[in-house]
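Reader: I would like to go through this model by way of a few questions, starting with one residue and moving on to cross-links and a sheet.

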Amino acid sequence: MYTSSWCASVLGLGFLVLPALVAAVPLPATGRTLSRKGAVVLPFIKHKHSRGLLARDGDDDGDVLGGSVGLGDSADLFYTVAVTVGDSTTAVNLDTGSSDLWVMSTECHTTQCQASAAQPYDVTKTFRPTGNSVNLKYGDSVTGTHASGPVGRDTVTLAALTMENQPLAAVNDTDNSAVSNGGAGILGLGFPGQSFVQAAAINAQFKNTQGTDTFIEQTATDGPLVSRLIMADMIDEPLFAITLQRDTIDVSGEGQITIGQLPDGVDNSSITWVPVRLYDAADGGVAAPSFAPSEVYPLRWEVELDGVYLDGKKLPDSKQQANGIKTPSLSALIDTGNSLIRGPSDIVNDILTKVSPAYASDPTAQPILPCDAGHNLTFQIGGKFFPVDPRDFVSQNAQGDATNCVANNVVSTDPPGVGALFSWNLGDPFLKSNMVVFYYGNLTHPSVDPPRMGFLSLVPQNADQLLDQAVEEAQKDGGSFETKVDSAPTSSSLITEEESSTAAGSQPTSTTSSPSTNVAAHPDSITASASAPSQSATQSQTTSGSLSHRLPDGHGAWYLFLLPTLSLLGSLCIL
């Protein structure tokens, strides 16, 4: 999910304006400056750490490097991860498009909360309110939901990594689908500049704060969960990696988030690294603090695209006009909270016209196409090609019919605007097809260690054949494709330095968390996608009912406001 443009720009600027440098150990410089475009090699710097990490099992087998945990999945529309807040463990939506952690509280009595099967968070126990609240807005101009409630602190554990005094919102009013499908909230994994909870927590402590110094300084104590783990030197590398399982059309793959290290068995040399887009204040980004006046900060997990291809042919540039800004370069937000692939309306229309004869003759009709007509939608990033698996391009249109499917995983979205410069939003269909690594770099001085993203294609060479097999099996099974539901596993693993020194890839150590009740299949194969996109079809099975998108909350005006003003804006809109 991503925040609405006007809100994102304002809030983004304000947040970055508020921060100041934290007293945490600075992240090591890499000694190289990255260009804004093109593939780069990420130099990992190994060093001894003096961490104060709280591991759930109190293990003392060496320095903790990170942790990992499996993911839940509801029809490939809603991916969840187990988090423990206080003394209760619940599943929340995994969202790289937003930055805030919130959970449904026992005080929420909306229709959505009453219908939720998830365990609510009891605010009468360990929750320590700050006295401030937030009203978070999710969605684009077509969809829109909210989540509001008091901001407070509690101990939070994710992937066996525990952080005390973590700010979060105990939501008592929401219509967001994050409280459905077994979930009870959202875990935002974005940059601090998009965190409204951080702004509210800071505003509760500091009065009449001007500029971004305090906001940036307080990220170590008031920032999003993973950002705080990084600034407290609790994990080895400032990154997390995500793979998503496939639970429809052709059940396969393994869903997991690994924090602080690359996943076991993944070599850095196999990953294509590209810089994250930086936002200056005029674009809706965070204004530079007085202690680092030349810095430009990241706002979203957004990367530039070299091009977009369909069945081996490059699609034309979009003619869609940007909102209130000069049309920016082609880029994409990588968003696990989005169940679809969203793009410019003219290009999406072009794609659907090419793949669906029904849509070509009537643009108001559903984009129906043969289920086995695999199409290859490919995104060129850092000079390499990353396709969407053919099995992730289409969805079943009607139960009992495995002959005619629908291409409803590709839809239109808002044009670029202040605080949201991207024209494409690559959601779960893309992330089921590619492992993505999110590298924060140095959160206070990005020029020292710039934020980057790494991509590794998981699409097997025989993806078209696997789609054909899935269609054939579904037709034999009465026209119904294979599908399953995974609950978020509660077992997690710590990655320790001792184990890392005895194996090429750190072998995780299990924590004392309860075992998972769901076991995901392993990927069919992993293949690099360095050649030109093939003519083979790529289809995605997620449905058009998507999870809320995080609306951009603040634009370039943030730097003009004080913290109280930011808090007020935060109550009006959020990514």
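Author: Strands here are DSSP runs of at least two residues, numbered from the N terminus. The model is a predicted one.

Reader: In which strand is Thr 483 placed?

Author: A run of at least two residues counts as a strand. Residues 482-483 form such a run, and Thr 483 belongs to it. The strand is E32.

Reader: Is Thr 483 buried or exposed?

Author: The cut-off for exposed is over 50% relative accessible area. Thr 483 has a relative accessibility of 53%, so it counts as exposed.

Reader: Which backbone oxygen does the side chain of Thr 483 reach?

Author: Neighbours within four places in sequence aside, Thr 483 is in contact with Asp 247, Thr 248 and Val 251. For one of these residues there is also a polar contact, at 3.1 Å from the side chain of Thr 483. The backbone oxygen reached is that of Asp 247.

Reader: How far apart are the C-alpha atoms of Thr 483 and Ser 74?

Author: Along the chain, Thr 483 and Ser 74 are 409 residues apart. In space, their C-alpha atoms are separated by 9.5 Å.

Reader: How many disulfides does the count come to?

Author: The rule asks for cysteine sulfur atoms within 2.5 Å. Cys 108 and Cys 113 satisfy it with sulfur atoms 2.0 Å apart. Cys 371 and Cys 405 also form a disulfide, with their sulfur atoms 2.0 Å apart. The count comes to 2.

Reader: Where in the chain do Cys 371 and Cys 405 lie, and how many residues apart are they?

Author: This pair links distant parts of the chain. Cys 371 is in the loop between strand E23 (368-370) and strand E24 (377-381), while Cys 405 is in strand E27 (residues 401-406). Their separation is 34 residues.

Reader: Why is the disulfide of Cys 371 and Cys 405 assigned its handedness, and what is that handedness?

Author: The assignment rests on the torsion about the S-S bond of Cys 371 and Cys 405. That torsion is about 95°, so the disulfide is right-handed.

Reader: Is Cys 405 buried or exposed?

Author: Buried means under 20% relative accessible area. Its partner Cys 371, at 1%, is buried. Cys 405 has 0% relative accessibility and therefore counts as buried.

Reader: Which are the edge strands of the open sheet E20-E19-E24-E25?

Author: The sheet has 4 strands in that order, with antiparallel pairing. E19 (residues 307-310) is joined to E20 by 2 bridges, and Tyr 309 stands opposite Lys 314 in E20. An edge strand pairs on one side only, and those strands are E20 (313-314) and E25 (384-387).

Technical notes: Residues numbered from 1 in each chain as written. Predicted model: local features only at pLDDT ≥ 70, side-chain atom pairs only at ≥ 80, totals over all residues. Heavy atoms only, no water. Buried < 20%, exposed > 50% of the residue type's maximum accessible area, 1.4 Å probe, protein only. Contact = heavy atoms within 4.5 Å. Polar contact = N/O pair within 3.5 Å; in protein donor to acceptor, adjacent residues only side chain to side chain. Pairing = 2+ DSSP bridges.
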